[in-house]
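Morning, everyone. I have one model to go through today, and I will keep it short. Please look at the picture first.

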There are 2 protein chains.
Amino acid sequence: MEAVQDLPPGSGPGLRTKSQLQRRRRILQAAAALASRGGVEAMQMRTVAERAGVALGTLYRYFPSKMDLVVAVVGEELDMLESSIARRPPAAHTPDGRAVDVLMRATRGLMREPELADALIRALILADVELPFGDRMAGLLLRVAGLPEVRADEEQAILAASLGAVWVQELLEMLRGRRTYEDIQHRIEIAASRLLADFPA
Amino acid sequence: MEAVQDLPPGSGPGLRTKSQLQRRRRILQAAAALASRGGVEAMQMRTVAERAGVALGTLYRYFPSKMDLVVAVVGEELDMLESSIARRPPAAHTPDGRAVDVLMRATRGLMREPELADALIRALILADVELPFGDRMAGLLLRVAGLPEVRADEEQAILAASLGAVWVQELLEMLRGRRTYEDIQHRIEIAASRLLADFPA
DNA sequence: ACACTTACTAGAATCCGTTCTAACTTCGGT
DNA sequence: ACCGAAGTTAGAACGGATTCTAGTAAGTGT
């Protein structure tokens, strides 16, 4: 008896078997591929399902809504950013320099697939996501600024999150065609120099 | 000849006649009323049209998409904020104090109709709006900080816009139920004190 | 008043996210 | 090898934004 009826809300099926992991991977891959072409519009649930070789109902079992799917795709991108940073940590000598470095690296990554980036960022902002982008980015910024979360005080956490917020908005403006990469860099540098001014070197 | 076939993209029909202005007003009013109840979901195009007493096609002639409608509603709210500020300017003695004052006043205004606020903010972020919220808010912040746009240099404009960006993100967090009014005030104060630190008193 | 362009109306039609159904498979336990 | 639960499938069905169509009203120039 004791049936485990309810799936862990965020994650679809239990993903016990190997074929389920593969299905999940195929879905994410199909979704990212479609979005990197035509943006959100091209990433239609029917199309994703078809391209991943699963039934529509199955797609919805793995990702209860389109937003969940988008969030998962973004999560993968963030993983990649984090591991890229672990591989080659930012070299600047000041905390704000390192933060700018990370943000601009992320910006370049997103610019490589503008349609995907557009789809992802917008969907994220819309989403009622529980494990959000913002927090993860803020944590990352704190870390490269030299303050592992434990050592940061509340004020520093707020400042790092604020810098993340500025970056997200600039990204949106870029997606709307109103900023170039250089604009963003310039603006982020200015904001970072103020927000992170009194972080310990 | 010389037919003016194309409507000015943002604004729907030419709005030449009085009855067209009234129709537009009725539509905006219906939209705001519906949204302030049940949020975006309640603000359905059919319902708005019905409640405004126009045909669905006409609604779409005035506002080519739901987003355009939302943007127009937001515009009206911003007008109200600006006139409220003109009536009772912020009293704090420092530029950042005045900026915080304005932002928190706007926050309270939005909190009064949380469903509406939610609908509006999200739609705004999604929208490819040409006349954006962000710029208008940044201009307003510069003004209350004591720098009419003409006197502000580029760096100050960027810092004001950054503060606006931080505020928008905090607002989103509030709509997600992850911030209280007091949280926002605290966080905005911290960000403003850094971002506007060297504005002339 | 007349002709004609433009605006409006009612309603059907389309598109896409999401939900539902009924039958078919796969898997773990026995 | 067999049973029942959980996973999968193809496809229909539903809901809301958006588009389309045919016909009616309103406004403008002559």
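I will take the DNA contact first and then the contact between the chains.

Keep in mind that this is a predicted model.

Start with DNA strand C. It is surrounded by 16 residues, and the closest are Arg46(A), Lys66(A), Arg23(B), Thr58(B) and Tyr62(B). Of the strand's atoms that come within 4 Å of the protein, 67% belong to sugar and phosphate.

What do the individual contacts look like? Tyr62(B) places a polar side-chain atom 2.9 Å from a phosphate oxygen of the strand. Met45(A) uses a backbone N or O atom, 3.2 Å from a phosphate oxygen. Arg46(A) goes to a base instead: an N or O atom of its side chain is 2.7 Å from a base oxygen. The elements giving two or more residues to this surface are α2 and α3 of chain A, plus α1 and α3 of chain B. The largest share, 3 residues, is from α3(B). By type, the surface has 7 nonpolar, 5 polar and 4 charged residues.

Now the two protein chains. Chain A and chain B each put 30 residues into the contact. About 2900 Å² is buried between them, with 53% of that from carbon and sulfur atoms.

How many salt bridges are there between chain A and chain B? The count is 6. One pairs Asp135(B) with Arg178(A), at 3.3 Å from N to O. On the chain A side, α6, α8 and α9 each supply at least two residues. The most comes from α8(A), with 11 residues. That side divides into 16 nonpolar, 3 polar and 11 charged residues.

That is what I have.

Notes:
Residues are numbered from 1 along each chain as its sequence is written. Chains are lettered from A and ligands numbered from 1 in the order in which they are written. This is a predicted model: local features need pLDDT of at least 70, side-chain atom pairs count only at pLDDT 80 or more; totals for chains, interfaces and linings use all residues. Side-chain values use heavy atoms; hydrogens and water are left out. A residue is near a molecule or strand if one of its heavy atoms lies within 4 Å of it. A polar contact is a pair of N or O atoms within 3.5 Å; within protein, one must be able to donate a hydrogen and the other to accept it, and residues adjacent in sequence count only if both atoms are side-chain atoms. Helices (H or I, at least four residues) and strands (E, at least two) are DSSP runs, numbered from the N terminus. Ala, Val, Leu, Ile, Met, Phe, Trp, Tyr, Cys and Pro count as nonpolar, Asp, Glu, Lys and Arg as charged, and the others, Gly among them, as polar. Contact means heavy atoms within 4.5 Å. Buried area is the accessible area (1.4 Å probe) that two parts lose on being put together, summed over both. A salt bridge is a side-chain nitrogen of Lys or Arg within 4 Å of a carboxyl oxygen of Asp or Glu.
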